[in-house]
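Dear colleague,

I am passing this structure on to you, together with some notes on what turned up in it. Please look through it first, and then read on.

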Amino acid sequence: MSYERELLKGNTDALLLCLINHQPTYGYRIIKELEKRSNGYFQFKEGTLYPALHRLEKAGLIQGKWQRLPSGQERRYYYMTPKGQKTLAERLTVWQDFATAVALIMQPATG
Amino acid sequence: MKAMSTKLKYTDGLKDYLRLDAAIEANVVRELKAHLEDKSRELIESGLSKKEATATATKLLGSPRIVAKQMYEVYSQGSWRQAFFAALPHLLVAALFAMRCWKNTFWLIGMLIAIAGSVIYGWCRGKPAWLFPWLGYCLIPVMAVGILLIYLPSGWAWFAATAYIPLALLVIFSVTKQTIRKDWLFASLMLLPIPIVLGWMLALELEDKLIWHEQLHEFAPLIALSFVVLALTVATFIRIRQRWAKIGALLTLEIFILVIVGLGGKSAIGFGGWLILVLLALLLLLGPALLERKIRESDRKRLKSPNKSTRRLLSIISARRN
């Protein structure tokens, strides 16, 4: 369990950046998307998501903007910045290399 | 109504622990409120009552204390530039003694202008963390008047002291109280030099002008060193994220500086005097935390009172906080 938590902790930023890069979105929907896309594997603690989003914003990787919906409700949408896109591209490359290397060792080709 | 109060209780709890700039704090609270509304709506659609939905939504969001702590750690770290600017007043005082310029009028006027300018600039820019070490030096005229009392004839000195001490305490208390409304740690940061300045004043034996001048020349390098360590303390404070580590850094380094003052001041301070200085340092560093609790409790009580004018007054205080 703690191994899973450590893995998620190390990749939280990349997961959030990936979702925001796909489409500008807000906190509540990010939690739902993560759960849906991972078939329920990623169940983010709701309270920890917002500090993570604000950390990314402070680092200049995303930018939050308030939007008022026709229903009158307000939501803070997060948009990707050019710095965020560059960081995401770097992280994806590192992740793909890492995943390939791990797979080569843990699931060696038979025959 | 009950669901509304659960939400309010949560956001109030969050505000109690956030201690961030007003604009950031308002953004965070607004965002979490929007999240609670979304989550509550989802839970109501799944069959829960409004009251149950709000209670579950706040529970799922987690303890306001933990959320606020994590949010605080995102914003509490200042940049290197801010750390340098916060340490600058102490570095200027250190340079004053290292270069023995305490009689240089230009240097002193320059310092006064720098202090006044920085305080006005920082005050108008939303009271950032770097402002408070500068603000601490604005209390020096209050202490300087106290020093001048020593030179009055003995009968007059006692008479003046009885009027001066309550007045000086009133000034220090009201400035501290205003600072505490932002964050008690900033008040500690502001009051940090007081035990050190008092320690050196005791060591210098101010009653005798001749000894005083001789000792000032002798102690100058150590006085400079103590203010360099003070500058490092402030810079460390600004750069650290965790609140407990900030408090630890202030306490440890302040005691370390008092050890320098105690050893440098030779027998003039004595062990008893040194212990009093340490107790004073602890009081000035941790006292603001107790004062903050008292202020918040009395604010909460006043907010609960039905008096409309009091509520309006509190909302003005809250707006002025930052």
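With which side chain does the side chain of Arg19(B) make a polar contact? The partner is the side chain of Glu292(B), at 2.7 Å. Please keep in mind throughout that this is a predicted model.

Arg19(B) is a useful place to begin, since several findings meet there. The residue lies in the loop between helix H1 (2-18) and helix H2 (22-45) of chain B, and it counts as buried because its relative accessibility is 14%, where buried means under 20%. Its phi is near 50°, a positive value in a residue other than glycine, whereas most residues other than glycine have a negative phi. A positive phi near 50° is also found for Arg100(B), which belongs to the loop between H5 and helix H6 (105-124) of chain B and, at 40% relative accessibility, counts as partly exposed.

The partner of Arg19(B), Glu292(B), is buried as well, with a relative accessible area of 6%, and its side chain also meets that of Arg296(B) in a salt bridge (3.7 Å, N to O). Glu292(B) and Arg296(B) are four residues apart in helix H14 (residues 270-304) of chain B, so about one helical turn separates them; Arg296(B), at 16% relative accessibility, counts as buried. These residues belong to a wider arrangement, for Asp16(B), Arg19(B), Asp183(B), Arg243(B), Glu292(B) and Arg296(B) are linked in a network of salt bridges.

Over all chains, a search of the whole structure finds 19 salt bridges. One of them is formed by the side chains of Glu42(B) and Lys32(A) (3.1 Å, N to O), and because Glu42(B) lies in helix H2 of chain B and Lys32(A) in helix H2 of chain A, this pair joins two chains. Both partners are partly exposed, Glu42(B) with a relative accessible area of 26% and Lys32(A) at 29% relative accessibility. Within chain A, the side chains of Glu33(A) and Lys36(A) meet in a salt bridge (4.0 Å, N to O), and these residues, three apart in helix H2 of chain A, are separated by about one helical turn. Glu33(A) counts as partly exposed at 23% relative accessibility, while Lys36(A), at 61%, counts as exposed.

Turning to the aromatic residues, the search finds 10 aromatic pairs over all chains. Among them, the rings of Tyr26(A) and Tyr77(A) have their centres 5.2 Å apart and their planes at 65°, so this pair is edge-to-face. Tyr26(A) lies in the loop between helix H1 (2-22) and helix H2 (27-37) of chain A and Tyr77(A) in strand E2 (residues 74-80), so the pair ties together parts that are 51 residues apart in sequence; both residues are buried. In chain B, the rings of Phe97(B) and Trp102(B), with centres 5.7 Å apart and planes at 35°, make a tilted pair, and Phe85(B), Tyr121(B), Trp130(B) and Trp134(B) form one aromatic cluster.

Charged groups also sit over rings: Arg30(B) lies over the face of Trp66(A), at 4.0 Å from the ring centre, and the charged end of Lys65(A) sits over the ring of Tyr79(A), 5.0 Å from its centre.

Finally, on the surface, Phe84(B), Leu91(B), Val228(B) and Leu232(B) make a nonpolar patch of about 340 Å², to which helix H5 (80-98) and helix H12 (209-239) of chain B each give two or more residues. Leu232(B), placed in helix H12, counts as exposed at 52% relative accessibility.

With best wishes

Note on methods
Residues are numbered from 1 along each chain as its sequence is written. Chains are lettered from A and ligands numbered from 1 in the order in which they are written. This is a predicted model: local features need pLDDT of at least 70, side-chain atom pairs count only at pLDDT 80 or more; totals for chains, interfaces and linings use all residues. Side-chain values use heavy atoms; hydrogens and water are left out. Patches are made of residues with over 30% relative accessible area and no salt bridge: like charges are joined within 9 Å, nonpolar side chains (Val, Leu, Ile, Met, Phe, Trp, Tyr) within 5 Å. Accessible areas come from the Shrake-Rupley method with a 1.4 Å probe; for residues, only the protein chains shown count as cover. Buried means under 20% relative accessible area, exposed over 50%, partly exposed in between (1.4 Å probe, protein chains only). Rings of Phe, Tyr and Trp (its six-membered ring) pair if their centres lie within 6.5 Å; planes under 30 degrees apart count as stacked, over 60 as edge-to-face and the rest as tilted. A charge sits over a ring if NZ of Lys or CZ of Arg is within 6 Å of the ring centre and within 35 degrees of the ring normal. A polar contact is a pair of N or O atoms within 3.5 Å; within protein, one must be able to donate a hydrogen and the other to accept it, and residues adjacent in sequence count only if both atoms are side-chain atoms.
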